[in-house]
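Welcome! Before you set anything up with these coordinates, let's walk through the fold together, beginning with how far the model can be trusted.

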Amino acid sequence: MDLTELFTQNPDGLKHLATPALLQRLDDICEGTIAVDARARIVWINKKYLHMLGYSDPQALLGHDIEEFIPHSLLRQVVNTGEPILLDLMAFGSETFVVSRLPLTDRAGKIIGAVGFCLYEKLHHLKPLLSKFSRLQQELAETRRQLGENRRPRYTLASYVGNSPASLEVKRQARRAAQLDTTVLLLGETGTGKELLAQAIHASSDRASQSFIAVNAAAIPESLLEAEFFGVAPGAYTGADKRGREGKFKLAHGGTLFLDEVGDMPLQIQAKLLRVLQEQEIEPLGANKVIKVDVRIIAATSIALQESVARGRFRSDLYYRLNVLSITLPPLRDRSSDLEALCDSALEQINERTGMPRREITQSALQRLAAYDWPGNVRELRNVLEKAVLHSDSKRLVAEDFATILPQATTQLQALAHAVLPLSQAVAEAERKAIVAALRAAGGKKTAAAQLLGISRATLYEKLAQLKLQD
Ligand SMILES: Nc1ncnc2c1ncn2[C@@H]1O[C@H](COP(=O)(O)OP(=O)(O)OP(=O)(O)O)[C@@H](O)[C@H]1O
């Protein structure tokens, strides 16, 4: 009988003819076939699947819940909903399989189980897609790992170098702050190690295994600060932010949020921040709902907050909320006995980073450095040392190596000798001098320095980064 004859006599004949052929074919091409009953317990498994799962006797699996052996299986969902999942990708170890899942029904149409087929080897035309999928998954896992690493603090309390009485006191207070879960306020001029200490407190606290997230209120334009802090709900904006964005508070959930330059925060954001601190919840832009967050705040500022409060630039209620436990970091000029240890550790790091020979610092150089007043504190010291290393070939750095590098050491004659410079270099040098002078005049306070220079805080930050006055 040929097919035309079969269909003419019995239109349902195709089903009867095709079903066994289809099942036989599926069994041949499938890497694995598995069936479950109405309670998603394994009732049958073919040899290939058994082998893939590392078993030789099906009895070990039969009657057990499917998830005991295939944790991400969706067969229970198929049984519960009666809906097939015709095409899906399932990761299995380092391989990815194409999976089809079908419900099984009795004659009355009642769901009595489900069957799943895994296809891999025979699907040559899908191979490029599958390898791309596996590669993207690996990349995602690697990116997540790196992101986690970036959110881990780089510093511990041992990173805060210095054994002067002032430094020992800072470390004692930081150790105490790490044991308590309260808000901490770090006060000190620029470059005195506030961020380093914030990371070190986090790393020694019970939150150490969670994220440390830093936000610099002065470096972010006012219009973006709110989104940066509290996030944006999906669909709140069109364009780049259409999919929504997590705010720093959410990212720091369970961990620590470091609010750098908190004194530069606009009043409107101060009010919102105060609410978050009081309620421990945030409202992403456009979300119309609040999310609970558990975040420890470490705030830092290089400006005199009390003065800002008096001038009405900083909310007093927020100031009291932040100022639960404050630590004042001493400027470098007040702890010159730490200079040697700071130079040693910085030179060690320069050597590691650049691969250049390790330099030593001599007593004459230390005396020269101690005479300078370091408006940029340890950050400036590190930059000065790096320049000295680049300019000198000798193994030991002496006072003269700093003569042209330290601003005060530039005599008029030396200045004339250096007067003819390419214009871009001369402009950069003039900018650098103006900025260093402004920072010194403002006692290291960036907002005040920016005002003196007649530029915005954001521009000052850009220039500091360009001129490598900041790391
Ligand atoms: N006591 C210290 N020991 C070792 N390194 C230090 C110390 N203090 C600061 N540094 C280094 O100086 C640089 C500036 O430190 P940090 O960024 O923590 O300062 P900051 O007070 O937060 O500055 P800013 O107010 O400008 O943000 C960093 O490279 C940091 O590692």
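Let's start with residues 409-418, where pLDDT stays under 50 and the model has six contacts beyond four places in sequence. Where pLDDT is low, the predicted coordinates should not be read in detail. This is a predicted model, and the protein chain as a whole averages a pLDDT of 85, with 90% of the residues scoring at least 70. Among the elements of the chain, helix α16 (residues 412-417) has the lowest mean pLDDT, 46, while β6 has the highest, 97. For the complex, the predictor gives an ipTM of 0.98 and a pTM of 0.62.

**Two sheets**

Strands of a sheet pair through backbone hydrogen bonds, either parallel or antiparallel. Here is how the two sheets are laid out:

| Strand order | Pairing | Form |
|---|---|---|
| β2-β1-β5-β4-β3 | antiparallel | open, five strands |
| β7-β8-β11-β6-β12 | parallel | open, five strands |

In the antiparallel sheet, β2 (42-45) and β3 (85-92) are the edge strands; each has a single partner, so one side of each is left without a neighbour in the sheet. From one strand to the next, the twist of this antiparallel sheet averages 25 degrees. Within it, strand β1 (residues 30-37) pairs with strand β5 (residues 111-119) over seven bridges, and aspartate 37 stands opposite glycine 113 in β5.

Now for the parallel sheet. Its edges are β7 (212-216) and β12 (325-328), each with a single partner strand, so one side of each lacks a neighbour in the sheet. The twist of the parallel sheet averages 20 degrees from one strand to the next. Five bridges connect β7 with strand β8 (residues 256-260); there, asparagine 216 has aspartate 260 in β8 as its bridge partner. Helix α6 (residues 165-179) lies across β6 (184-187) and β12, and runs at about 155 degrees to β12.

**Around the ligand**

Which residues come closest to the ligand? Of the 21 residues that surround the ligand, the closest are Val161, Thr190, Gly193, Lys194 and Val378. By class, this shell has six nonpolar, nine polar and six charged residues. Helices α7 (194-203), α13 (339-354) and α15 (377-391) each supply at least two residues of the shell. At the level of domains, at least three shell residues come from each of domain 2 (157-330) and domain 3 (336-409).

Terms used
Residues numbered from 1 in each chain as written. Predicted model: local features only at pLDDT ≥ 70, side-chain atom pairs only at ≥ 80, totals over all residues. Pairing = 2+ DSSP bridges. Helix = DSSP H or I, 4+ residues; strand = E, 2+ residues; numbered from the N terminus. Axes fitted to C-alpha atoms, helices over the stretch in contact; angles between N-to-C directions. Contact = placed C-beta atoms within 7 Å. pLDDT = per-residue confidence, 0-100. Near = placed C-beta within 6 Å. Nonpolar A, V, L, I, M, F, W, Y, C, P; charged D, E, K, R; others polar. Domains from an automatic or database assignment.
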